[in-house]
Amino acid sequence: MTKKELNDRKWVAWARELQSIAQCGQAYGKNPFDLERYERIREISVEILAQYTDLPPEQLSGLFSGGEGYRTPKVTTRSALFQGDRVLLVRETCVGWNLPGGWCDENQTVRTNAEKELWEETGIRGRATRLVAVQDRNLRNWPPYLMNLTNHLFLCEPVGEIGPFRPNLETQERGFFPLGDLPPLDTRRTTQAQLRLCWEASQSAHWETVFD
């Protein structure tokens, strides 16, 4: 059974829900016996996934765990910067190309995080000018993750001249590509549909943010 097939299975959603229920119970429960039961529910959800995958329970636990407190989606940002009809993409790994972006840091807003990630991954100073979309990552990108992410797509414009690119710890290459001739995309992070949406937003005088 492939990972894609596993992600299509209803029991994956059930295991995720059990994790969420158990984590919330541990956050707000007071009775020590109930807390013990909630911990066992978390263990069972990991065991369910381990039973049908080739991933060890300890790795699944690390991927699956949402920490402590009320379980909520994690926040990510992606920055779309156009040069004429070409979009700026980066290659972080050998998998493919994507819009610059990543996790929203604790000390950042979604806007400042989009600008920060753009600078760190491309060497281009930019200003976020428009929130294109707020998307449920598991509805828009493939393959789905065991955790849930809320992704914010921003339009950005350069501040000052665009200097030369220097490879860094996060990014191996950067480039501007026409939408009709895109390189292989890392669909975990960026899809053609998301790039088209950003282009439409860049061409609209009055854009209404799309949200899931």
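Trainee: What makes β6 count as largely enclosed by the rest of the structure?

Mentor: Count its residues: 7 of the 10 residues of β6 are buried, so the strand is largely enclosed by the rest of the structure. Keep in mind that this is a predicted model.

Trainee: How do you know that a particular residue of β6, say Cys156, is buried or exposed?

Mentor: Its relative accessible area is 7%, and the cut-off for buried is under 20%. Cys156 is therefore buried.

Trainee: Which strands pair with β6, and in what sense?

Mentor: One of them is β5 (residues 126-136), which pairs with β6 (residues 149-158) in the antiparallel sense over 9 bridges. Another is β1 (residues 74-83), which runs parallel to β6 over 8 bridges. Pairing takes at least two bridges between the strands, so both cases qualify.

Trainee: Which residues of β6 can I click on to see those bridges?

Mentor: On the β5 side, Arg130 stands opposite Leu155, and Asp136 stands opposite Thr150. On the β1 side, Arg78 has Leu153 as its bridge partner.

Trainee: Why do β5 and β8 count as a pair?

Mentor: Strand β8 (residues 210-211) shares 2 bridges with β5, in the parallel sense. The rule asks for at least two bridges, so they pair. To find the spot, look at Val134, whose bridge partner in β8 is Phe211.

Trainee: Back to the cysteines. How many disulfides are there?

Mentor: A search of the whole structure gives 0. Take Cys156: the closest cysteine sulfur belongs to Cys198 and is 9.5 Å away, too far for a bond. A disulfide needs the two sulfur atoms within 2.5 Å, so Cys156 is out.

Trainee: Is Cys104 buried, partly exposed or exposed, and why?

Mentor: Cys104 has 21% relative accessibility, so it counts as partly exposed. Buried stops at under 20% and exposed begins over 50%, and 21% falls in between.

Trainee: On to the rings. How many aromatic pairs are there?

Mentor: The count comes to 2 aromatic pairs. One of them is Trp97 with Phe177, an edge-to-face pair with 5.0 Å from centre to centre and 70 degrees between the planes. The pair links distant parts of the chain, with Trp97 in strand β3 (residues 97-98), Phe177 in strand β7 (residues 173-178), and the two positions 80 residues apart.

Trainee: What makes the Trp97 and Phe177 pair edge-to-face?

Mentor: A pair of rings is described by the distance of the centres and the angle of the planes. The centres must lie within 6.5 Å, and an angle over 60 degrees counts as edge-to-face. With 5.0 Å and 70 degrees, Trp97 and Phe177 pass on both counts.

Trainee: Are Trp97 and Phe177 buried or exposed?

Mentor: Trp97 is at 10% relative accessibility, so it counts as buried. Phe177 has a relative accessible area of 18%, which makes it buried too.

Trainee: How do you know that a charge sits over the ring of Trp119?

Mentor: The charged end of Arg125 is 3.7 Å from the centre of that ring and sits over it. The distance limit is 6 Å, so 3.7 Å meets that part of the rule. Lys74 sits over the ring of Trp103 in a similar way, with its charged end 6.0 Å from the centre.

Trainee: Where is Thr190, and why is it called buried?

Mentor: Thr190 lies in the loop between β7 and α7. Its relative accessibility is 0%, so it counts as buried. Leaving out residues up to four places away in sequence, it touches Arg78, Asn98, Leu99, Asn141, Leu185 and Leu195. Pro100 is 90 residues from Thr190 in sequence, yet their C-alpha atoms are 9.3 Å apart.

Trainee: And what about Leu197: which helix holds it, and what does it touch?

Mentor: Leu197 sits in helix α7 (residues 192-203). At 15% relative accessibility it counts as buried, because the limit is 20%. Beyond residues up to four places away in sequence, its contacts are Val132, Ala133, Gln135, Trp207 and Val210. Val210 is 13 residues along the chain from Leu197, with 9.1 Å between the C-alpha atoms.

Trainee: What does the whole protein look like in numbers?

Mentor: It has 7 helices and 8 strands, and 38% of its 212 residues count as buried.

Definitions and conventions. Residues numbered from 1 in each chain as written. Predicted model: local features only at pLDDT ≥ 70, side-chain atom pairs only at ≥ 80, totals over all residues. Heavy atoms only, no water. Helix = DSSP H or I, 4+ residues; strand = E, 2+ residues; numbered from the N terminus. Buried < 20%, exposed > 50% of the residue type's maximum accessible area, 1.4 Å probe, protein only. Contact = heavy atoms within 4.5 Å. Phe/Tyr/Trp six-rings, centres within 6.5 Å; stacked < 30°, edge-to-face > 60°. Lys NZ or Arg CZ within 6 Å of the ring centre and 35° of its normal.
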